[in-house]
Structure formats: structure tokens, C-alpha cells
Amino acid sequence: MIVQVSCSLGSETMEREILPVPKREICTECILKCQYCEISVPAMDIVDHLGVCGNRSEYCLICRKFFKVREAHGHIEGDFLDYEAETRFAVQYETTKCQTLAGRKCKGCTQRIVTCQYCEFPVPAIDLSEHQEVCRNRMEYCLLCSRNVGVCESHGHESIYDDGVLDDIAETRFWDLNWAEPGHQGTAGVFDVLDGTSFKVIVEDEEQVELSFTRPWDPSLQVDHSPLNIDKRFIMLRGSSGFYSYAIYEHSKEMPAFNLYETRIAFMLKIDKFHYMAVADNRQRFMPLPDDRLPGRGEQLAYKEAVLLVDPIEPEFKGEVDDKYQYSCENKDNRVHGWICFDPPVGFWQISPSNEFRTGGPTKQDLTSHVNPTTLAMFVSAHYGGEDLSLQFESGEPWKKVFGPVFIYLNSVSDGNEALSLWDNAKEQMEVEAQSWPYEFPNSEDFPGSDERGTLTGRLLVYDRYISEQPLPAIGAYVGLALPGETGSWQRESKGYQFWTTVDEKGYFGIKNVRTGDYNLYAWVPGFIGDYHCDVSITITSGCEVDLGNLVYEPPRDGPTLWEIGIPNRSAAEFYIPDPNPKYVNRLYLNHPDRFRQYGLWERYADLYPDGDLVYTVGESDFRKDWFFAHVNRKTGDGAYGATTWQIKFRLKNLYEGGTYNLRLALASANQSVLEVRVNDPRANPPHFSSGLIGKDNAIARHGIHGLYYLFNVDIPSAQLTQGDNTIFLTQTRNTSPFHGIMYDYIRLEAPPVYDS
């Protein structure tokens, strides 16, 4: 059947044919090859595939006309042997031509030819959205690994499976990013694989090779490509068992506004070789196979990345939950992770020698390695922070940043029985790389060596007059340099570099190898609430040694502590973490310090409190046993949830009339939540305090035990309290999802300051 379509901006029309759908009687599991694109497809999908594929139109540079793919083999005559290359070039030529006509009149034409980001087939712009929604969810069968692969996850998949363990490494490793134009909702934008458009040898001698793959911004491709100049680098050194990679991103004055949500390097290894994953000494195990996550073998759970293995290929994994977020790690600890192959005994490791190029500070969490087998080098992400951690660029805003270098380390042993020792060797190599930072071998003016950097030293003390008469050393405090900002802004800062260290037993700290620039000093001290911020601009120059002397942090405090719940450490780990539902277990975390990494712990709240919400009585309750780690909703029916109200009951022996008490609420996490506080009246409207809508860190669902930190200081006039029994009501009001919730860090009630005596 022939239908007429017309250009939405012009008067021209063209024909499009709707193909008849072929019918077959054949085993649905049989693998057939598409007669048009020659991609291997299961028979159960071939009808739909042929219907779409055969109807595609491509542009011929020879005759300057569109032809249907199903007619391709008869269209071009002569010695045009590389037909696919010719037509793909033609499509690119025609798309560019359409977008660069005088005045760009066709930019919004709905019939212009654009390329699907998943299958790379040309599609009329009017059909692109619908096509990509279907295309990204397709499963295609890989003849090389004998499994179905999701199209949206299949970049570089087919070329990784040869006879060797790590063959065709260039196709199994790719830099990518996720971005969107301003105003985009959420953090799932356009997926952009950073393929270079030009290649250059930067260094080539007996000791080193450094290669550059660049992709300048092309305005004609701005629908698909982020507005950045990209320079990817790869380095190999003589005698080094691995390679280094880094990239230079630049947003220049002529570029439009956009949001950058994520950028990383992804490595996908050979499925039948790499089965053992290691992230830490106590976080390593044999892993399920990717096929185990597919429908039939796996059951997707309430949080989409989590899958219950109901019929895994290897039966020992039956009944376990696989979720990549169970292997997340804080930046400060995310230094080496990867995979071990036992035959031959080979290790593949991603080593990050520095955190200066990562975002969100030392405790920001991110992905490491997970089932596929996949290993990631994460540089920017919204994980455990949400949109607050995205890079938001204004039009014409100049910016440049170097991500990396990171080191991809390969090691081996001769005896397969010693394969697990490869982890210990990888940790040793990680220390070698960290001691070598900053590297001297990258050949880029954008990556300064040690002699082009500066040093900062000082001493941090903490003074709380209700704890000590004199300032005390801020033992264990995290001290860092980040771009100038507000108090606590470092945990959301993403555009600049950050340099962190910890304070010793006497309060001294030193930060070496700081890039030149202007910074503020930030700190937070375990055991004390709030953030320290030295808002004096600190300028670092090449070779400088800046000594700040003694710095004193005075944490928020009005009066003496009447009672407290928890430990001020920016985590909910000290509170009660229940055993997991036996249906949703990851056996690695049974009897493990990181109990919080089990799936579905939020659902246990209703099991523990079936008839009423949590009630905590000061002086009787123990927060380690009686304070649930997450303030979550209660399931009330199929897909329905109810808000929960927790109570803190306490007695005031004396009441200072006319004074103001202060309730300190430190939160370790919040996800689309509203926290309301009421005092002695659970029905008070309006509430005494409301946080407003806060947080998008998803830390509860992603087993993170903390996300972004919040501190609220709530003044309570003495008139709202009574001498004797009192109750504070804490309500998390958002209840449209099981994942709306709060994790508390620490709660304290202070008496009025005049109560000192």
C-alpha cells in the first residue's frame, strides 16, 4: 500500500510504502537472518523486524533518489561492493545537507532523515520518537555468546567475543555521556557515545605511545551530540601491564546551554570467562550470568534495576537478588575494582589513582562493577544525589575539565588455583598508581604535573562549649578544597576539581598536588553536626605552599543537650537495619557489616510495625534497636501507600518558661520527601515545621545508607512544651511511592542557652 507524506515546512510530497507482513511457520527460537540488514533475529521477532527494516528509505548518492531497503540489491549496479558504507555515508550527507540549508529552513522538517541512536538506521524525523522507543526495548540474539542482548545495552557487544579473553578491546570499551537541553525533567537524557571524528598520534617513542581521538562540536548534529569539544586520550607505557585513559571536555563561548547528567568509561568483558568480581576485601564473589536477568529466568522487582533470580543457569544463584547498586562505593574507597578469569587466570581492573576529577566529594557514592560482566569508571553521575549533581551550563559559559587519567590494569598468574591472589596484586598496583599521582607522562597542557601544582596545610580544631572549655583537634575530619560556594556546597559541586584529606590526631592536615585556581576550604567533623566553611578565597599557584594556620569550627549549638538520637556521622548505618525478606537475599551481605545493601529493606518496616508507627521513648529506647534506619511509607493496598508518623516521647523535669528550645534534625538522605514536625499535637495544621519538598537521591531504594546531607534547626518556644511528658511527631507526608522517604543522621533537642547554669 502506498501512502503520501509531505514535508511539514514545504510543499514537496513523497511516497512511502507500507509493506505486507510476511508469515512463517517455524520454531520461534530459531535464529533467522534479516534479508535486508542481515542482522540475526529470533524467528519470534522476525515478522516485526522485517516490517520495519524492509520499509526503510535510504538516499543514493549515485542517482540522488531515495530507494527502499528491500529494493537495495537491485538498485545499484556496477562495482559498488561496499554498499552499506555507501548508503550510510549517503544518509549522513543528506541529513547534514538538510540541516545546513540556507537559513536552516529544514531544521524542523518532520520528514528530514535522522538516525536512530540504537540501530543507526535512518528514519523520518516524525517517526524517530516512536521508532526509538520500540527499538531500545528490542532484544537481539547474539550468535557469538548465545544469548539475547538488549539493544539499549548492546553498544560494542558483538565484537567482544573472539577466541581470546580480551580481544577487540577498542569495541568493548567506550566513553559515553548522558545529557539534555535545559528544562528537561529527570536525569535520563540523550545517550551519547563519544566516538572520535579525527585521530592523532601525540607521542610515539620507545617508552610511550599517546593517542588522541577528538570530536569537535558540530552544530548540525546537536540533536544527537552534546555541545562539547571532546578529546579522548589513551596512553601505553613500556613495561606497564595495562593502559591509561583520560578525556578533556570543553564547553566554549559559542555553544548552547545544556545539562550533563553522567559521563563514564564502560568496559564489557567476555561472559564465558569473567565470573568473579571484586570491589573490596569483603565485597567479592562469583556473579550470576546476564541471561539470568532476562524474563523467564529473572523477575524484575519494584525497583527496576533489581531482579530476583528465579531460574538461573547456575542453580546456586536461585532465590538471590541481583542489583548493580548493591556494589556501589563511596569515592574515597572506590580506588580499584574489577573481574577475575580463572581459565586462563587473568585479572581486569579499573584503578582510579585520584578523586580530584570526580564530583560530589569523598563520600559521594557511585557504581563500580556489576553483572554483564561490566566495569565502570564513573566521573559524573546523578546516583545518590539526583539532579543536584548534574552540570548545568548556560549558553556561552566557558568551561574545561580533564576526567582521569584512570588506569586499566591487567594481571595474571600461572597457576589457576592462585587466581584470587590477583585481587591482592591489583590493590598493590593501586597504591603504586596513587603514589605516582599526578602522572608526569600525559602530554597535554590541560593536565599539570606536580611542579605546576601547589600545597595547602593547616590545623582544624572544633569548639563546642558544652563539650569542652577549649577547642579540640578535629580528629578524623574531612577537609577539602572545592570551587568557591556556600556552606556545604561541595557535596553538590560538579564543574570544578576537588581535593580532600583527613585530619590527624593533633588536628593537622595537608593537601598536596592541588591544581592552580581559586578555592574555598570546606570540612565536616564526625561527631559534630553541620559544615565548616572558610569563605576566604584561597589562590593556589604553581609551586606554592599555603599554610592556613589554626582554623576553628564552631558547630551549631544554642544550649545544652537534653537528649539525642543517633551519631552525627552523615549516615544511618548505626540505626536498626532489619534482616532481609528471605525471598530477596544477596548472600554476600548475610552476616556482613554492610547489612543495608540487601534489597527491599524498606518493606520490612510494615512487618515490624503492623499496627502502628514507630514510637521512641527517650531514656528507655535504644536507637541501635528501636529506631528503624529509614522513615518510609506503609503499604496499604495494591499500589497504595500511607504516610507514617514517628513519635519521640520525652520528659522535661524543668521547663524554662519564655525560652526557646532547639530541635536539630540532621538527615542522611531524602528522596522526594516532605518532613513535618509537630509538638504535642499530632493534628496541628499547619505543622510547627515543614522541610518542603526535598531530595532525589534514591538512596533507600539503591541500598546507599546515605545520600545528600541536610541540617534543619527548628526553634520550639517553651509555650509549646510542658513540664513532664512531651511528644514530638515526625511525619513524612509524601506517599505516592514506596521509595519516598528519609534517613535520619542525628536528632538532638537543646535547652535554651540561659539554661547553662
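**Strand pairing, burial and salt bridges**

Mentor: Strand β33 (residues 478–482) and strand β36 (residues 517–524) run antiparallel and are joined by five bridges. The model is predicted: local features need pLDDT of at least 70 and side-chain atom pairs pLDDT 80 or more, whereas totals for chains, interfaces and linings use all residues. Residues are numbered from 1 along each chain as its sequence is written, and side-chain values use heavy atoms, with hydrogens and water left out.

Trainee: What makes β33 and β36 a pair of strands?

Mentor: Strands are DSSP runs of E with at least two residues, numbered from the N terminus, and two of them pair if DSSP finds at least two bridges between them. Five bridges join β33 to β36, so the criterion of at least two is met. Within this pair, Leu-481 stands opposite Leu-521 in β36.

Trainee: How do you know that β31 pairs with β32?

Mentor: Two bridges join β31 to β32 (residues 472–473), and the strands run antiparallel; the count therefore satisfies the requirement of at least two. Val-462 has Leu-472 as its bridge partner in β32. With β38 (residues 545–553), β31 pairs in the parallel sense over seven bridges.

Trainee: Why are β34 and β37 said to stand at the edges?

Mentor: The open sheet has four strands in the order β34-β33-β36-β37, with antiparallel pairing. β34 (499–502) and β37 (532–540) each have a single partner strand, so one side of each lacks a neighbour in the sheet.

Trainee: Why is Cys-329 called buried?

Mentor: Buried means under 20% relative accessible area, exposed over 50%, and partly exposed in between (1.4 Å probe, protein chains only). Cys-329 has 7% relative accessibility and therefore counts as buried. Cys-534, at 12%, also counts as buried.

Trainee: How many disulfides does a search of the whole structure find?

Mentor: The search finds zero; a disulfide would be a pair of cysteine sulfur atoms within 2.5 Å.

Trainee: What makes the contact of Glu-305 and Arg-702 a salt bridge?

Mentor: A salt bridge is a side-chain nitrogen of Lys or Arg within 4 Å of a carboxyl oxygen of Asp or Glu. For Glu-305 and Arg-702 the N to O distance is 3.9 Å, so the cut-off is met. Glu-305 lies in the loop between β20 (298–300) and β21 (307–309), and Arg-702 in the loop between β48 (694–696) and β49 (710–717), so the pair ties together parts 397 residues apart in sequence. Both Glu-305 and Arg-702 are buried.

Trainee: Why does Asp-579 count as partly exposed?

Mentor: Its relative accessibility is 46%, which falls between the two limits and therefore makes Asp-579 partly exposed. Asp-579 forms a salt bridge with Arg-595, with the closest N and O atoms 2.9 Å apart.
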